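Welcome, and thanks for taking a look at this one with us. Below is a short tour of the spaces inside a protein model and of the ligand that comes with it.

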Amino acid sequence: MDSSLFRVPDRLTDVAPWQGHIPFAFWVISATKPRLLVELGTHKGDSYSAFCQSVSESDLATTCYAVDSWQGDEHAGLYGEEVFQELNAYNQRKYGGFSTLLRMMFEDALSYFNDGSIDLLHIDGYHSYEAVREDFEKWLPKMSDRGVILLHDVAVRERGFGVWKFWADVAERFPSLELPHSNGLGVLAVGSEVPERLSQLIASFKSDPAPITSLFAAVGSRCQLIAEGQRAKLEFNRLNDEINRMGNEVTAERDRAEKLTVTVATLSEQISIRDELVHAQELRIEQLIESSGQNGPESDFESLKALIRRRVVSSKLLAPARPILTSVRELTSRR
Ligand SMILES: C[S@@+](CC[C@H](N)C(=O)[O-])C[C@H]1O[C@@H](n2cnc3c(N)ncnc32)[C@H](O)[C@@H]1O
């Protein structure tokens with residue numbers, strides 16, 4: 001074992017199933033030093049980027065290819081164009097010197113590789129028994145003498161997954177080991193010259209699997225916890241942004257309420273002034289009527305006074321605006 005097991009992955013996305021095997025990806029690259037690595041099934045690139053990170057940090061001369069339609073399938077789910085665009089930009093920026101994404105069907109990528117050329121092949125495409133058997137059989141001739149094949153999902157027995165069944169077919173045909181955590185990873189040394197350190201690991205696994213599987217499960221679980229922490233941080237930042245946005249909306253509403261308060265206060269003042277003017281005018285009219293010597297008949301005088309009272313009442317009809325003013329003031333004073 002070496003310190004590569006404890007590296008922190010540079011790329012952890014929201015596609016979690018492979019993340020528990022990232023320390024094994026780091027280890028197998030530094031232990032077997034492949035010259036040519038191919039991955040079938042990459043999606044957002046958690047496994048592939050771990051291989052590339054290890055190539056880069058171990059300073060190896062490995063050439064890497066990731067093959068995927070980048071459309072998804074029934075098991076991974078269908079996804080949009082942005083998945084490929086984002087990963088392609090990331091890959092070119094970080095690993096453009098030695099890594100290429102081949103956007104095509106697995107079958108169409110076969111002609112890109114010579115027979116006997118691939119040292120490390122990771123098969124993680126569609127997971128039915130027939131699909132994984134076809135991927136394995138079509139790509140096996142491409143494997144070199146040092147060839148190692150990794151199969152993901154060998155421990156899943158639901159949703160039509162059949163890798164477990166295929167694994168049972170091949171695990172005894174070649175030197176192999178199985179890491180059951182994170183949906184299970186099968187490791188097959190298909191070449192005649194098994195890389196020395198992998199050969200030792202397989203031998204230890206055959207004599208007593210528990211220390212090996214426990215160690216890789218433990219370092220894998222550390223990776224998964226790091227990934228969960230990063231996802232929680234992203235969610236925290238998203239919610240924080242949402243709270244700030246809502247806070248800005250509340251501030252804008254309060255500003256609007258304050259402006260309305262001023263408008264209502266101005267109107268209220270105008271109403272009061274008008275009330276007072278009307279009242280003064282009434283007094284003046286009453287005085288004029290008194291001083292006119294009550295020339296007219298008594299009934300005329302009384303109906304004139306009633307008319308004035310009605311005008312006073314109508315000027316007071318605007319009084320209901322005052323409670324509105326009070327509640328708007330209360331609202332804004334809560335800040
Ligand atoms: C399970 S995902 C890969 C997960 C990835 N290894 C990770 O680390 O998360 C399977 C991917 O294989 C792709 N795929 C399945 N069958 C394919 C085929 N025959 N040709 C090309 N791509 C295929 C899908 O588009 C999907 O992105």
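How do the residues of the lining of the largest cavity divide into nonpolar, polar and charged? In this predicted model, that lining is made up of four nonpolar, two polar and three charged residues. The points below start with the cavity, move on to the largest pocket and finish with the ligand.

**The cavity**

- Searching the whole structure turns up one cavity of 30 Å³ or more.
- The space in the largest cavity comes to about 30 Å³.
- Its lining consists of Pro9, Asp10, Arg11, Ile22, Asp46, Ser49, Ala50, Gln53 and Tyr95.
- Helix H2 is the element that gives the most to this lining, contributing four residues.

**The largest pocket**

- The largest pocket has a volume of about 810 Å³, and 38 residues line it.
- Closest to the centre of the pocket are Asp73, Asp124, Gly125, Tyr126 and His127.
- Four elements each supply at least two lining residues: helix H2 (46-57), strand S3 (72-73), helix H4 (106-109) and helix H5 (129-139).
- H5 provides the largest share of the pocket lining, with five residues.
- By residue class, the pocket lining holds 14 nonpolar, 12 polar and 12 charged residues.

**The ligand and its surroundings**

- Where should you look for the ligand? You will find the ligand sitting in the largest pocket.
- A shell of 21 residues surrounds the ligand, and the closest of them are Gly41, Ser47, Asp68, Tyr79 and Asp124.
- Asp124 is worth a second glance, as this residue is listed among the closest to the pocket centre and also among the closest to the ligand.
- H2 and S3 each supply at least two residues of the shell; H2 also takes part in lining the cavity.
- The shell divides into eight nonpolar, nine polar and four charged residues.

**Polar contacts and cover**

- On the backbone side, a polar atom of Gly41 lies 3.0 Å from a nitrogen atom of the ligand.
- Phe106 also offers a polar backbone atom, 3.1 Å from a nitrogen atom of the ligand.
- Tyr79 uses its side chain: a polar atom there is 2.7 Å from an oxygen atom of the ligand.
- How much of the ligand's accessible area does the protein cover? On its own the ligand has 600 Å² of accessible area, and the protein covers 90% of that.

Key. Residues are numbered from 1 along each chain as its sequence is written. This is a predicted model: local features need pLDDT of at least 70, side-chain atom pairs count only at pLDDT 80 or more; totals for chains, interfaces and linings use all residues. Side-chain values use heavy atoms; hydrogens and water are left out. On a 1 Å grid over the protein atoms alone, a cavity is a set of points where a 1.4 Å probe fits but cannot get out, and a pocket is an open set with protein on both sides within 12 Å along at least five of seven lines; lining residues have an atom within 4 Å of a point. Grid points are joined across faces, edges and corners, and a volume is the space filled by probe spheres set on the points. Ala, Val, Leu, Ile, Met, Phe, Trp, Tyr, Cys and Pro count as nonpolar, Asp, Glu, Lys and Arg as charged, and the others, Gly among them, as polar. A residue is near a molecule or strand if one of its heavy atoms lies within 4 Å of it. A polar contact is a pair of N or O atoms within 3.5 Å; within protein, one must be able to donate a hydrogen and the other to accept it, and residues adjacent in sequence count only if both atoms are side-chain atoms. Accessible areas come from the Shrake-Rupley method with a 1.4 Å probe; for residues, only the protein chains shown count as cover. A molecule sits in a cavity or pocket if more than half of its atoms lie within 2 Å of its grid points.
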